[in-house]
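Colleague: I've got a bench full of questions about this one. Could you walk me through the model once it's up on the screen?

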Amino acid sequence: MLYVVIAYLWAAICLYLILGGADFGAGIVELISGKETRPRVRSLMYKAIGPIWEANHMWLIIAIVILFVGFPEIYTTMSIYMHLPLLMMLIGIIARGTAFTFRNYDAVEDSMQTVYFRIFTISSLITPFFLGIIAASTVSSHIDTQATDFYTAYISSWFNWFGIAVGLFTVAICGYLASIFAIGQVEQKEDRRLMIRLAKLFVFVVMGCGVLVFAAAYYSHIPLLNWVLGDIWGQIAIFLASCSVIWLFISFRNESISLMRILAGFQVVMILFAATYKHYPNLILLKNGQHLSLVEHAGAEGAISSLAWALLLGSIFILPTLFYLMYSFSRKSIKAY
C-alpha cells in the first residue's frame with residue numbers, strides 16, 4: 001500500500017504542476033503581452049483557465065494531506081525549514097484568487113481594476129516562483145537541521161542561485177502551459193496565431209531557463225546533470241521530451257489543439273521524471289549527507305494502509321465529478337470583462 005500512496009503523491013504533484021501551472025501561467029502570459037494585445041490575451045486567458053479554475057488546487061491539497069498523514073517527518077521538515085517560501089507561495093495563491101474574483105465579478109469597473117490586475121499578475125509570478133524554490137530546496141542538500149542561527153536554518157537553504165534558477169524555470173513552464181491551453185480556447189484565426197507565437201516564445205524561454213538551472217546546479221555543486229543523464233531512464237526521458245518539442249512545432253503548423261496539450265503535459269512529466277528518478281525514493285536531501293526517504297521515513301503501517309484505501313475509494317467519487325466539471329466549464333460560454 002505504501003507504493004500506492006507514493007504513486008498518488010507523484011501524480012498529484014504532476015497534475016498540480018500541469019493544471020495549476022496553466023492556471024498561474026495565465027497571469028504570466030497576460031503580464032508579458034503588449035498593451036495593444038493585452039485585452040485580447042486577457043479574454044483568451046480567462047476562457048482558458050475556466051475549466052481548471054475551480055479544481056486545480058485540489059491536487060496541492062491532496063499532496064499536502066499525503067505528506068501530513070503518510071510521511072509526517074518529511075512534512076515536518078518542510079514545514080519548519082521552508083516555512084518562508086511556503087508562506088510566500090500561500091500568500092500568492094490567496095492574493096491571486098482574490099484579485100481574479102474581484103477583477104472579473106466586481107459590480108463597478110473603476111480604477112481598482114488596475115490594482116486587481118497588478119495583484120493578479122504579480123501573484124501569478126510569485127506563486128510558481130516559490131513553488132520552484134521549494135522543489136529546489138528539497139534536493140539541493142542545503143537544508144541544515146543542525147543550524148544554530150536563523151539565516152542558516154531558514155533562509156540559506158532556499159535563497160541561493162539554484163533555488164532562484166529553478167523558480168524562474170517553473171515560472172517559464174507555467175507561462176508555456178498557459179499559452180498552450182489558450183490556443184484551444186480561441187475561435188478567430190488571428191487570436192490563434194497570437195497564442196501560437198506566444199507558445200513558441202515560451203518554448204525558447206523554458207529552454208533558456210533550463211540551461212540556467214544546470215549552470216546554477218554546477219556552480220552550487222549539485223549533481224543535477226548526473227541525475228538527469230547518468231541513468232538510462234533519465235536519458236530516455238530527456239530524449240522523448242526533446243523529440244516531443246519537434247513534434248510540437250509540427251502541431252503548431254497543423255494547429256492540432258489536442259496534440260499540443262498532450263505534448264506539453266508529456267514534456268512536463270518527462271522533465272519531472274528525469275529530475276527525480278535518480279535519487280528516488282529520497283525526497284529531501286539534507287546538508288549533513290543524510291536524506292528523508294519516502295520508504296524509510298513513511299508513517300505507521302496502519303496510517304499508510306488507511307490513507308491508500310482513502311485515496312483509492314476517493315478517486316471513484318472525485319475523478320468522474322472532476323472530469324464532468326472540466327467538461328462543463330469547457331462547453332460554457334464565458335464572458336470576459
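Modeller: Sure. Keep in mind that this is a predicted model. A search of the whole structure turns up 12 aromatic pairs.

Colleague: Take the rings of Tyr16 and Phe24: is that pair stacked, tilted or edge-to-face?

Modeller: The ring centres of Tyr16 and Phe24 are 6.1 Å apart. Their planes sit at 80 degrees, and planes over 60 degrees apart fall in one class, so the pair is edge-to-face.

Colleague: Are Tyr16 and Phe24 buried or exposed?

Modeller: Both residues also turn up in the contact of H1 with H3. As for accessibility, Tyr16 and Phe24 are each buried.

Colleague: Which residues form an aromatic cluster?

Modeller: There's one to look at with Trp158 in it. The cluster is made up of Phe129, Phe130, Trp158 and Phe159.

Colleague: Now the helices. How are H1 and H3 oriented to each other, roughly parallel or roughly antiparallel?

Modeller: H1 covers residues 2–32 and H3 covers 57–70, with their axes 7 Å apart. They pack at an angle of about 150 degrees. Angles over 145 degrees share one label, so H1 and H3 are roughly antiparallel.

Colleague: What is the handedness of that H1 and H3 crossing, and what sort of residues make the contact?

Modeller: The H1 and H3 crossing is left-handed. From H1, the residues include Val5, Leu9, Ile13 and Leu19, and they meet H3 residues including Trp59, Ile62 and Ile66. By class, the contact has no charged residues, 1 polar and 15 nonpolar.

Colleague: H1 also packs on H6. What does their angle make them?

Modeller: The axes of H1 and H6 (residues 112–139) come within 8 Å and cross at roughly 140 degrees. Roughly antiparallel needs over 145 degrees, so H1 and H6 end up as oblique.

Colleague: How many charged residues are in the contact of H1 with H6?

Modeller: H1 passes H6 in a left-handed crossing. On the H1 side, Gly27, Ile28 and Glu30 are among the residues involved, and on the H6 side you'll find Phe117, Phe120 and Pro128, among others. The class count is 9 nonpolar and 4 polar, and the charged count is 1.

Colleague: What about H11 and H12: how do they run relative to each other?

Modeller: H11 spans residues 232–254 and H12 spans 257–276. Their axes come within 9 Å and cross at roughly 160 degrees. With over 145 degrees as the cut-off, H11 and H12 are therefore roughly antiparallel.

Colleague: How many nonpolar residues are there in the H11 and H12 contact?

Modeller: The crossing of H11 and H12 is left-handed. H11 brings residues including Trp233, Ile238 and Trp247 to meet H12 residues including Met260, Phe266 and Phe273. The contact has no charged residues and 4 polar ones, while the nonpolar count is 16.

Colleague: Is Phe266 buried, partly exposed or exposed?

Modeller: Phe266 lies in H12. Leaving out residues up to four places away in sequence, Phe266 touches Leu240, Ala241 and Ser244. Its relative accessible area is 30%, and the middle class runs between 20% and 50%, so Phe266 is partly exposed.

Colleague: And Ile74, which residues does it touch?

Modeller: Ile74 sits in H4, residues 72–81. With 0% relative accessibility, Ile74 counts as buried. Setting aside residues up to four places away in sequence, Ile74 touches Leu67, Leu283, Ile284, Leu292, Ser293 and Leu294.

Colleague: Anything odd in the backbone? Which peptide bond is cis?

Modeller: Most peptide bonds are trans. Here, look at the loop between H12 and strand E1 (282–285), where Pro281 is placed. Omega is near 5 degrees in the cis bond, which runs from Tyr280 to Pro281.

Colleague: What is the phi of Ser141, and what is the phi of Glu255?

Modeller: Most residues other than glycine have a negative phi. Ser141 is in the loop between H6 and H7 (150–154), and Glu255 is in the loop between H11 and H12. Ser141 counts as partly exposed at 30% relative accessibility, and Glu255 does so at 32%. Phi is positive in both cases: about 60 degrees for Ser141 and near 55 degrees for Glu255.

Conventions
Residues are numbered from 1 along each chain as its sequence is written. This is a predicted model: local features need pLDDT of at least 70, side-chain atom pairs count only at pLDDT 80 or more; totals for chains, interfaces and linings use all residues. Side-chain values use heavy atoms; hydrogens and water are left out. Axes are lines fitted to C-alpha atoms, for helices over the stretch in contact, and angles run from 0 to 180 degrees between N-to-C directions. Helices (H or I, at least four residues) and strands (E, at least two) are DSSP runs, numbered from the N terminus. Angles under 35 degrees count as roughly parallel, over 145 as roughly antiparallel, 65 to 115 as roughly perpendicular and the rest as oblique. A crossing is left-handed if the near helix is turned anticlockwise from the far one by less than a right angle, and right-handed if clockwise. Contact means heavy atoms within 4.5 Å. Ala, Val, Leu, Ile, Met, Phe, Trp, Tyr, Cys and Pro count as nonpolar, Asp, Glu, Lys and Arg as charged, and the others, Gly among them, as polar. Rings of Phe, Tyr and Trp (its six-membered ring) pair if their centres lie within 6.5 Å; planes under 30 degrees apart count as stacked, over 60 as edge-to-face and the rest as tilted. Buried means under 20% relative accessible area, exposed over 50%, partly exposed in between (1.4 Å probe, protein chains only).
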